[in-house]
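Me: I have a structure to go through and some questions about it. Can you take them one at a time?
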Amino acid sequence: MSLALGRAGVTLGFIAALWGVLSMLVGIATHNRRYLRVGLWCAAGVLGGAVLAVGAMEWALLTDDFTVSYVAEHSSTETPFPFDVATLWAALEGSILLWVLVLAGFIALTAHRFRHRIDDPLVGWAMVTLFVVATFFFFLVIGPAAPFGSFDPPLGYDGPGPNPLLQEHILMAFHPPMLYLGYVGFTVPFAFAIGALVTGRLGEGWLLETRRWTLVAWAFLTAGIILGAWWAYEVLGWGGYWGWDPVENASLLPWLTGTAYLHSVIVQERRGMLRVWNLSLLCATFALTILGTFITRSGVLESVHAFTTSNIGPALLAFFALIVVVSVGLIGWRGDLLRSTGSIESPMSREGSFLVNNVLFAALAFTVLLGTVFPLVVEAFTGDRISVGSPFFNRMSAPIGLALLVLMAIAPVLPWRRASGELLAHRLVWPAAAGTATLVLAVAVGARGVAPLVGFALGGFALGTAVRQLVLSVRRQGIGGLFGRSSGGMVVHIGVVFIAVALAASQAYVQQTELRLIEGQTATFDGHTFTYVGTNVVLEPNREVTQVLVEVDGAGPYAPGVSRFDFGSQQVGTPSVRVTPTVDIALSVLALPEAPGEPATIRVTVQPLIVWLWIGGGVMVVGTLMAMSGGGRRRRGAPSPEDVASTAPATQASGADD
Amino acid sequence: MSASRTSTSRPIPLWLPWAIMAAIVVVALAVGSVGINEPPTNAERVQNLTRSIRCPQCAGQSVAESDVSVSREIRRDIAQRVEQGQTDEEIRAYYSSDTVYGPDALLTPPADGVGGLVWVLPVVAIALAAVGLTLAFRRWAASGRRDATDEDRALVAEALDVPDGGTEPGGAGRP
C-alpha cells in the first residue's frame, strides 16, 4: 500500500516537473498564456507528488511496513517516536526524498506568489529552472537513490533501525530539515538569477523580488548549521561542536557565499554595481549545495555523515557540471549588459567595505573548499594519501575571522562613497571604548594569550558598533527603527559576535582529561571536583543505557551513559553536560566499570562560553526575521517616486547623523 | 586608527580618547601575554598531539575525538611517549611513518612537497584579491568619473522603473 502510493507520488512528481519544463518553454516561446497556466498546475502536481511520496514513506515508517526497502533497511519496530519520523532523513534515499519535498514546497510557493505574473518571461524562465532542478531530483528518487524498492520480509523480520547516533537526541529531528530548507531555499534566487540572465533584464528588479527568499534560505541554513553543531556537542561526546568534517564544510560553503551575496547585493541595489559578481555568487551558492551533496553523498570522501556508498555520485557530478556550464555561459553571454555603471571611489566607504567583506568571505570559502577536496586531488594526481583536518582549518580561518570582526566593527558606520578619518574617529569612539572595556574585563577575569584577547576586544568593538547603529535607528524612528534590513542586520551581527567570542574562548581555553574513578572516589580537574557516586541502568524499548553518576562540584548527579542497542554491536555514548553561562562541563563515559568496584573512565571537557554559540545562533535567526519585516524593506520592494524621494533624505540623515 | 587630527570645534580633542584607549589596549595585551611563552605542560602537549593525529578506523576524526578502542590505545601511547621525553616531532614522525599508519595519519598536511600547496594557495588567493582590489580602487579613483553618464542613468531608471537616483547624497561628502 505505502509502496504503491509512494511510487505513484514520485512518478507523479517526476511527470509534473518534466511537464512543467516543457509547458513553460512552449508557453514562453509562443507567448501562449494557456501553457504558462499549465505550468502553474504542474507546480501543484510537483508538490502533490512529493507530499504523497513523503506521506507514504512516513506512514510506512510509522507502521513498520517492511515491504518498502527503505523501511526494511533503516527502520525497526522498536524505533521510538519521533525518531521513526526522523528516520526519513537518516539515510541517503530518504534524505533525497526530503530534499524533493522541500524543493516542491518552494516551487509551489514561488508559483503561488508569482501566479499573476506568470507571463513575465523572467518569472517564466525562473519556473523553468525550478522545474529542471525538480526533474533532476525526482529522477534521483526514481532511479539511483530509490527509497521505494520492494522488499519481501521473511516471517518475523525486523529492521536494524536507524544509526544509533541519530536516535540519541531530539535535535536530530530538526537539524536536517532546517539545513535542507536552507540548501534548497537558495534554488529560488538562483532560478531568478537564471531568469534575469536569459531575459537580459539584469536590472535590480529580480534582486528585489528574491530578497526575502534569500533571507529565508539564509536563516534556515544558519539555524541548520548551528543545530548541527549543537547536536554534535550533545551527542558525540568529544566535547567539540565543529570538526571540519567534509559534510560540515559542505554546509558551510554555501553559507559563506550566501553571506557574501547578502552583503554585496546591497551595493548593487544602491549603486548598480557588482552585477556579475552578485550573479556569480548566487550561482556559486546553488552549485556548492549540489557539489556538497556530491562530495558527501557519493562516498568519495570519508565522513562521519557519509551514508553507505551509493551510485548517485555520477548523476550529481553531471548536474553540478551542468549548473556551472550554464551559469558561466549565461554570464559570459550577457557580459555586455552586465557592465557596471558606477565606480567605487574609496575603500573607506560603505561599498568599499562590502567589497573587502566579499574578498574575505570568498577567501574563506576557497580555503574551506580547497582543504576539503585537497586529499582527493592529491591522491588523484600523485597517489599519495594525505589528510587535511581541523588543525589546518582552524589555523587558516582564525585570521580571516579576526579580519571579519574588524570589518564588522568599522563598516556599519561608514557612509556611502567616502569617509574621512575624522568622521570615523568620531563615530567609532564609543564602540572602541566597548572593545577596550571588553579587553580589560577579559584580562581581569584571567584570560590570557594575544590571539583570543584580540578576538574578545574586536568582538566588543563590533558589538558596540552594532548597538550604536541600533540606538541611532531607534532614536530616529522609535521602536519601529529596530525592524528593516539595516537594523535586522545589526542584530545578526550581535549574534555573530556572540558566536565569535564563544569560538575564541572555547578554542583557546578548552581543557580535557580522562579520569579513572572507582565508586566513591573524587578527582579534581581544572578547579572542579568530580565524584563517582554510582551506576544506574535504564531500560528503554530499543536500548539499554548504563549511566555513570557523577557529581560535579557537589551538584548533580550528572549521568553520562553508554547505550547498547538491540541491533548491532555498536555502543553509543550519551554525554551529559553541565551548562552555565560562563563555562560548560561535558562528561562522557569512555569505559564502564568491568565489574562492580572496578574503575570507570570518564572524559571531562571544560570549555568556557559554549552556551553563547547557541544563543548567538538564535540571535542571528531573530535578526534575520527582523530584517525581513519592517517598512523599509517593503517600501523598497515596490518603489515609487515618492518613496525614493522619502528614502533619500533619510539616507542623508544617516550620513550626517552626528 | 587615523585619529591624529584634532577637531578644533570640540572642547575635548578627538584624538585624546583614542590615545587613552590605545594605551589601555597595549597595557592589557601586555598583561594578558605574560607567561604564555612558558613551555606547554605534558597534558597540553598530549591534548594537542591527539588532536592532530587521525583516528585510523574512523572517518576524518582525530584520536582525541574518537571513542573507538584503537584511538584510546593511541591516546595512551602518546601520553606514554610524552612522559618518556619524546618530542612532538618524533611522535608525529612515528605515527606518520609508512610502517605505522602512513602519512595520512597527520591531520595537518606537511608544509613541503605537494601538501604545501594547501597552505600556500589560500594565501596566494588572498594576496591576488588584495592586489586586484587595490588596482580596481586606483582605476576607479583615476577615472575620476563619479557620476554615471546619461545613458547609464536611463538604463538604471528603466531597470528600476523609477526616476534616477539623483537625490543620492553624493555631492555632500566630496571635497
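Me: Which side chain does A:Arg385 meet in a salt bridge with A:Glu379's chain letter, A?
Reply: A:Arg385 pairs with A:Glu379, N to O at 3.5 Å. A salt bridge here is a side-chain nitrogen of Lys or Arg within 4 Å of a carboxyl oxygen of Asp or Glu.

Me: What kind of model is this, and how are things numbered?
Reply: This is a predicted model, in which local features need pLDDT of at least 70 and side-chain atom pairs count only at pLDDT 80 or more, while totals for chains, interfaces and linings use all residues. Residues are numbered from 1 along each chain as its sequence is written, chains are lettered from A and ligands numbered from 1 in the order in which they are written, and side-chain values use heavy atoms, with hydrogens and water left out.

Me: Back to that pair. Is A:Arg385 buried or exposed, or partly exposed?
Reply: A:Arg385 is partly exposed at 42% relative accessible area, and A:Glu379 is partly exposed at 34%. Buried means under 20%, exposed over 50%, and partly exposed in between (1.4 Å probe, protein chains only).

Me: Which residue of chain B does A:Arg385 meet?
Reply: B:Asp104, in a salt bridge of 3.3 Å, N to O. The count between chain A and chain B is 2 salt bridges.

Me: Which element gives the largest share of chain A's side there?
Reply: H13(A), with 12 residues. Helices (H or I, at least four residues) and strands (E, at least two) are DSSP runs, numbered from the N terminus.

Me: How many residues does the contact take from each chain?
Reply: 77 from chain A and 70 from chain B, where contact means heavy atoms within 4.5 Å. The two chains bury about 6,400 Å² between them, 65% of it on carbon and sulfur atoms. Buried area is the accessible area (1.4 Å probe) that two parts lose on being put together, summed over both.

Me: Salt bridges again. What does A:Glu269 pair with?
Reply: A:Arg485, at 3.1 Å, N to O. A:Glu269 lies in helix H10 of chain A and A:Arg485 in helix H18, so the pair ties together parts that are 216 residues apart in sequence. A:Glu269 is buried at 11%, whereas A:Arg485 is partly exposed at 24%.

Me: And what does A:Arg271 form a salt bridge with?
Reply: A:Glu351, with the closest N and O atoms 2.3 Å apart. That pair links helix H10 to helix H13 of chain A, 80 residues apart. A:Arg271 is buried at 9%, and A:Glu351 is buried at 0%.

Me: Backbone now. Where is the cis peptide bond?
Reply: Between A:Phe81 and A:Pro82, with omega about 0°. A:Pro82 is in the loop between helix H3 and helix H4 of chain A. Most peptide bonds are trans, and most residues other than glycine have a negative phi.

Me: What is the phi of A:Trp244?
Reply: Positive, about 55°, although A:Trp244 is not a glycine. A:Trp244 sits in the loop between helix H9 and helix H10 of chain A and is buried at 12%.

Me: What about phi of A:Asp526?
Reply: A:Asp526 has a positive value near 55°. Its place is the loop between strand S2 and strand S3 of chain A, and A:Asp526 is partly exposed at 42%.

Me: Last one: what does A:Ile226 touch?
Reply: A:Ile499, A:Leu613, A:Trp614 and A:Gly617, not counting residues up to four places away in sequence. The C-alpha atoms of A:Ile226 and A:Leu613 are separated by 7.8 Å, with their positions 387 residues apart along the chain.
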